[in-house]
Amino acid sequence: MAFALHSYPVVYRAKFGHKEWKGEYLEKPHKTPEAEAALPKAELEALEESRNWYVDMPLVSYTTQYGLSCFEGLKALPQKDGGLALFRPDRNAARFYNSMQGLYMPPFPPEYFVDACVQTVKRNAEQGFRPWYQARWEQDSFISADSVYVRPFTYAEGGIGVALSEKPWVLVVASPVSSYFSGGTSAAVITERIRATPKGTGWIKSASNYVISALAKYEANAAGFMECIYLDATHRKYLEEGSSCNVFFYLRSGELVTPELGDTILPGITRSSIIELAQDQGVRVSERKITIDEVLSEGEECFVSGTAAGATPIESLTYQDKKVVFHEGKTGDLTAVLRDTLKGIQYGTLPDTKGWMVRVF
Ligand SMILES: *Cc1c(COP(=O)(O)O)cnc(C)c1O
């Protein structure tokens, strides 16, 4: 299971009050990895589950009642030289700041964010909670590689009336993660659901957005598809993004297109990294509106991008009774180059010429 929750024991928690943030590191009791390996399965599962239980936080809050929360997702990747490094945490810090401001919360300073992510990964790793680099990952372009998933999020104070959070917590948890999609290519479908509307919260990594995503993804999976892609709410013809990832189309003309950002599209950090890497390859990249008709007739390659997805090829896209198969259902050449370049930088097999990686060790 790619995204099973096996929380690492050390958790960062900061609280806003008296106009400032005060942070601390909490640690759940845990056994050594050696002892854990020897435990019966049920006990091990109970132990892992208990690391996600914190009873000193309010049960009824704006977060648990109304989904008032925002979050981030980033990875620390095992390096070939034995280290661990985070991918562009400064960008997640900036987006988290914007998300909190978008929800009218007191924003969390970016320097605190980066430090909390580094320290949470480090403190867990020092106790053995970390993956190590495996040379065999190089054989499948790191599709099967492990990493540490870091999840910063806000949690509101207690309250039952519909209101905003003035004194939120910010928490950072970490857990192990392997690849999001099982590998190879995958089929996608245009969902009839609307993820985000103009003037809404689509541009914020807001918890409330993801119920619709989960519904749409469930429906897509039930219909035999791996991923669903949204059209815009107003015209119902422009592509927007996937359930929790951005989308790119490589057209027959040689243009790589990704929908332009606005208030309904999440500004992915993988998205902006891919745009840079593609430009470095000499590819013409456009951030513009693109209709489903243009994709059906001109699409040559397609992939989705995100922290979890990396750059995952999409083999086909189905829209009502129409279907376009990209690159004969195989991973496209440009898609493969971009995916491999991104993974190479992330796992340290290619030089980090852009200074994207922040070392934990
Ligand atoms: C997180 C997310 C993305 C991808 O963002 P990254 O920074 O690349 O991980 C794209 N779309 C949605 C809706 C998201 O929640």
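Me: How many disulfides does a search of the whole structure find?

Reply: A disulfide is a covalent bond between the sulfur atoms of two cysteines. Here the criterion is a pair of cysteine sulfur atoms within 2.5 Å, and a search of the whole structure finds zero. This is a predicted model, in which local features need pLDDT of at least 70 and side-chain atom pairs count only at pLDDT 80 or more, while totals for chains, interfaces and linings use all residues. Residues are numbered from 1 along each chain as its sequence is written, and side-chain values use heavy atoms, with hydrogens and water left out.

Me: Why is Cys 228 not bonded to Cys 245?

Reply: The closest cysteine sulfur to that of Cys 228 belongs to Cys 245 and lies 8.3 Å away, which is too far for a bond. Cys 228 is buried, at 0% relative accessibility, where buried means under 20% relative accessible area, exposed over 50% and partly exposed in between, with a 1.4 Å probe and protein chains only. Cys 245 also counts as buried, at 3%.

Me: Which way do the residues of strand β7 point?

Reply: In a regular strand the side chains alternate between the two faces of the sheet. In β7 (residues 186-190; strands are DSSP runs of E of at least two residues, helices runs of H or I of at least four, numbered from the N terminus), Ser 186, Ala 188 and Ile 190 point one way, whereas Ala 187 and Val 189 point the other way. Five of the five residues are buried, so β7 is largely enclosed by the rest of the structure.

Me: Which strand is joined to β7 by four bridges?

Reply: Strands pair if DSSP finds at least two bridges between them; four bridges join β7 to β14 (residues 310-319), running parallel, with Ala 188 opposite Leu 317.
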